[in-house]
Amino acid sequence: MSSKEDSKPPPEASGTSSSSTFSVESLRQYLAEKLHILDSGLSQEKKVKVLDDVSIDGIVDYIKKRSSINIITMAGAGISTSAGIPDFRSPGSGLYSNLQKYNLPHPQAIFELDFFYDNPKPFFVLAKELYPGSFKPTKCHYFVKLLLEKGHLLRHFTQNIDTLERVAGIPEEKLVEAHGTFHRGHCLECKKEYSLSWMKEKIFEDKIPICETCPGIVKPDIVFFGENLPEKFHNCAHTDFAKCDLLLILGSSLVVQPFASLMDRVPDTTPRMLINREKAGERTGLLSLIGMGSGFEFDSPDNTRDVYWLGDCDEGCQILADKLGWGDELKKLVEKEHKRIDEESKGDKKTEDIKKESKIEQPPKNEE
Ligand SMILES: [Zn+2]
């Protein structure tokens with residue numbers, strides 16, 4: 001079974017849909033009448049045709065037709081997997097077995113504040129494994145960068161804490177790191193701010209970073225369970241989505257709230273496209289039958305705006321770029337940036353080696 005087709009349903013599926021459309025439609029009418037919402041503005045609005053072709057080609061036409069467009073991208077772990085970022089949230093991954101020796105009560109404990117106060121060590125072991133600087137952004141990250149360069153990117157909302165968006169050159173003002181970032185940290189006691197490089201030095205020496213002015217632990221600004229999301233998330237969620245002309249959701253299975261529900265904040269006439277390994281974020285339940293509720297309506301007979309493309313994010317973005325006529329530009333951008341990062345890390349390694357050598361050579365040698 002190919003998972004890399006356009007979002008059009010296969011012909012067999014549309015053959016069976018006429019009878020099921022009828023029953024769903026009559027049930028919808030019935031429920032709408034019962035709930036007295038038949039003539040609501042909402043049901044009228046639903047009839048607006050958004051895309052001529054509900055597929056990746058329809059999305060491409062929609063972008064090409066516009067001289068200016070505000071695109072919001074929403075990203076999940078799927079955009080970073082090809083960078084080699086370990087899937088650290090799934091139990092059973094290599095990282096969690098490494099952490100067994102720390103006797104975590106359950107895998108999520110590593111991101112729980114109470115546990116962290118008692119025993120911050122496992123978090124910092126994990127942090128060392130995941131530390132920014134050891135990974136290169138993916139083609140998908142550079143596709144978002146390309147949207148920015150073309151003046152199309154309104155905002156990039158990410159669930160990822162790997163800072164690869166920053167490495168790819170997406171500036172802070174275009175970025176909402178919904179679950180926080182390793183980019184900076186704060187003392188849990190006095191709130192003093194610390195930089196990525198300060199924390200990195202301690203973490204790579206296998207030390208718990210302790211504040212320089214008080215005995216507090218310095219925690220990277222990752223949102224732990226039970227902590228509030230960054231203020232910027234709420235502010236941008238409030239202002240951006242009404243202005244959004246196109247929503248692209250990349251590599252997210254849309255299960256973590258409140259991030260997932262952002263997709264419903266765009267106007268009803270804004271197309272939404274999911275690029276992901278599997279279908280996600282679909283509207284389900286009773287409300288979906290009457291055209292209400294939240295989520296994608298991929299399989300609804302009225303759908304003229306929700307498109308999915310199943311497969312690898314990098315490949316999906318390359319196909320989208322190719323169809324937009326930006327394919328070579330994207331490939332060149334990835335090549336140029338990866339080369340730059342490789343050269344910089346070579347430079348860093350040299351400096352580190354020189355540091356190490358000078359440390360080793362400091363004590364007087366007395367082998368003879
Ligand atoms: Zn402090």
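Which residue of strand 6 stands opposite His186? The partner of His186 is Lys219, and this pairing is a good place from which to enter the fold. The model is a predicted one, in which local features need pLDDT of at least 70 and side-chain atom pairs count only at pLDDT 80 or more, while totals for chains, interfaces and linings use all residues. Residues are numbered from 1 along each chain as its sequence is written.

Helices (H or I, at least four residues) and strands (E, at least two) are DSSP runs, numbered from the N terminus, and two strands are said to pair if DSSP finds at least two bridges between them. On these terms, an open sheet of 3 strands has the order 5-4-6 with antiparallel pairing. Its edges are strand 5 (193-195) and strand 6 (218-222), each of which pairs on one side only. From one strand to the next the twist averages 40°, where axes are lines fitted to C-alpha atoms (for helices, over the stretch in contact) and angles run from 0 to 180 degrees between N-to-C directions.

Strand 4 (residues 180-187) is joined to strand 5 in the antiparallel sense over 3 bridges, with Gly185 opposite Tyr194 and Arg184 bridged to Ser195. These two strands form a hairpin with 5 residues between them, and in that turn Lys191 has a positive phi of about 70°. Toward strand 6, strand 4 again pairs in the antiparallel sense, here over 4 bridges. Helix 9 (residues 196-204) lies across strand 4, strand 5 and strand 6, running at about 75° to strand 5; residues are taken to be in contact if their C-beta atoms, placed from the backbone, lie within 7 Å.

Strand 4 also holds Cys187, which leads to an annotation. An unreviewed UniProt entry places the feature "binding site" at Cys187, Cys190, Cys211 and Cys214; UniProt positions are given in the numbering used here, feature names are shortened, and annotations may be inferred rather than shown by experiment. The four positions span 28 residues in sequence, yet no two of their C-alpha atoms are more than 8.4 Å apart, so they gather at one spot.

A second open sheet is built from 6 strands in the order 3-2-1-7-8-9, and its pairing is parallel. Strand 3 (175-177) and strand 9 (306-310) are the edge strands, each pairing on one side only, and the twist averages 15° from one strand to the next. At one edge, strand 8 (residues 272-276) pairs with strand 9 in the parallel sense over 5 bridges, and Met273 has Val307 of strand 9 as its bridge partner.

Finally, there is a helix pair to consider. The axes of helix 3 (residues 56-64) and helix 12 (residues 313-324) come within 10 Å and cross at roughly 50°. The two helices are therefore oblique to each other, given that angles under 35 degrees count as roughly parallel, over 145 as roughly antiparallel, 65 to 115 as roughly perpendicular and the rest as oblique. Helix 3 contributes Ile56, Asp57, Val60 and Ile63 to the contact, and helix 12 contributes Ile319, Leu320, Lys323 and Leu324.

Key: Two residues are in contact if their C-beta atoms, placed from the backbone, lie within 7 Å.
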